[in-house]
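Dear colleague,

Here is the structure I promised to pass on, together with some notes on what turned up when I went through it. Please read the notes with the sequence and the model open beside you.

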Amino acid sequence: MVAKAASDWGIVPIGRASAPLREQVIAALREAILDFRLRPGQRLIERELIEQLGVSRTTVREALRELTSEGLVTVIPQRGAMVSAPSISEAADLYEARAALESIVVTRFVERATPSQIMRLDAAVEHFAEVVDARGEIRDILAAKDQFYAVLVEGADSRPLQQLVESIQARVRVLRATSLSAQGRSDSAVTELRDIVRAVKAGDATRAATLCADHVRTASLTALAALESTT
């Protein structure tokens with residue numbers, strides 16, 4: 001893959017805000033990766049990042065180390081840092097871990113969520129459906145689906161589960177975009193999420209967890225097929 005020039009990445013110079021400089025750089029690069037302005041497999045050249053962000057080499061290296069620990073960046077000997085692009089086997093493992101984890105999250109949601117949070121989960125699914133019906137950008141569809149997960153995690157009321165979900169979601173974001181871009185997949189996702197909410201409303205944690213795992217595994221089939229076609 002041909003690397004883009006730094007000016008094409010859409011990363012603006014870091015200002016001197018209240019947040020520590022290192023955290024601002026990490027946030028800027030993380031956002032660029034998750035918004036696909038930095039593409040999977042793209043090299044992250046230190047000199048270009050330093051010029052684009054207006055920070056020191058040390059700050060850039062610290063940020064890249066943090067993003068490497070999050071799984072968003074991969075460092076390859078003799079080649080340097082690049083945006084992570086999971087292999088087929090890695091992607092399969094991530095999806096299976098996600099299916100198991102999100103099953104636990106939805107179980108905790110049924111056990112702990114307030115009536116207001118259940119209503120918001122329902123509303124989040126309907127908002128997702130509206131965005132899908134509008135046939136908008138994949139970025140908008142992902143953002144709408146993220147709202148569903150945000151409410152789900154909030155209602156599960158578990159900091160450890162939240163941290164784990166956020167980590168895995170970040171690692172599979174590109175794969176999620178691939179899956180939701182496939183013809184008919186977003187429409188199917190709407191139906192699947194509505195079924196999950198229906199089980200949640202009924203207080204059936206076992207069924208909600210099963211439906212959640214099925215939803216993730218169905219998405220994985222689409223994403224993995226697309227990944228295989230490009231290898």
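A pocket, as the word is used here, is an open set of grid points with protein on both sides within 12 Å along at least five of seven lines, and its volume is the space filled by probe spheres set on those points. Please keep in mind throughout that this is a predicted model.

With that definition, the largest pocket holds about 420 Å³ of space. Its lining is made up of 17 residues, and those that lie nearest the centre of the pocket are V165, E166, S167, Q169 and A170. Helix α7 gives the largest share of this lining, namely seven residues, while at least two residues are supplied by each of α1, α6, α7 and α8. Sorted by class, the lining of the largest pocket contains six nonpolar, five polar and six charged residues.

Turning to enclosed space, there are two cavities of 30 Å³ or more in the structure. The largest cavity contains about 100 Å³ of space, and its lining consists of I33, L34, G71, L72, V83, S84, P86, A170, R171, R173 and V174. The elements that contribute two or more residues to that lining are α1 (21-34), α7 (159-171) and α8 (173-181). By class, seven residues of the lining of the largest cavity are nonpolar, two are polar and two are charged. You may notice that A170 appears both in the lining of the largest cavity and among the residues nearest the centre of the largest pocket.

The second largest cavity has a volume of about 60 Å³, and the residues around it are R98, K145, R176, S179, L180, R185, A189, H215 and A219. Two or more of these residues come from each of α8, α9 (185-201) and α10, with α8 providing the largest share, three residues. The lining of the second largest cavity divides into three nonpolar, two polar and four charged residues.

As for how the helices are packed, α4 (residues 88-112) is worth following, and I describe two of its crossings. The axes of α4 and α10 (residues 205-229) come within 8 Å and cross at roughly 160 degrees; since angles over 145 degrees count as roughly antiparallel, the two helices are therefore roughly antiparallel to each other. Their crossing is right-handed, and the contact of α4 with α10 involves 17 nonpolar, three polar and five charged residues.

With α6 (residues 138-156), by contrast, the axis of α4 comes within 7 Å and the crossing angle is roughly 60 degrees, which makes α4 oblique to α6. The crossing of α4 past α6 is left-handed.

Finally, there is an open sheet of three strands, which follow the order β1-β3-β2 with antiparallel pairing. Its edge strands, each of which pairs on one side only, are β1 (43-44) and β2 (73-76). Strand β2 is joined to β3 (residues 80-83) by four bridges, and the two run antiparallel; within this pair, I76 stands opposite G80 in β3. Of the strand residues, V83 also belongs to the lining of the largest cavity, which may be a convenient point from which to look from the sheet towards that cavity.

With best wishes

Definitions and conventions. Residues numbered from 1 in each chain as written. Predicted model: local features only at pLDDT ≥ 70, side-chain atom pairs only at ≥ 80, totals over all residues. Heavy atoms only, no water. Axes fitted to C-alpha atoms, helices over the stretch in contact; angles between N-to-C directions. Parallel < 35°, antiparallel > 145°, perpendicular 65-115°, else oblique. Left-handed = near helix turned anticlockwise from the far one by under 90°. Nonpolar A, V, L, I, M, F, W, Y, C, P; charged D, E, K, R; others polar. Pairing = 2+ DSSP bridges. 1 Å grid on protein atoms, 1.4 Å probe; cavity = no way out; pocket = protein on both sides within 12 Å on 5 of 7 lines; lining within 4 Å.
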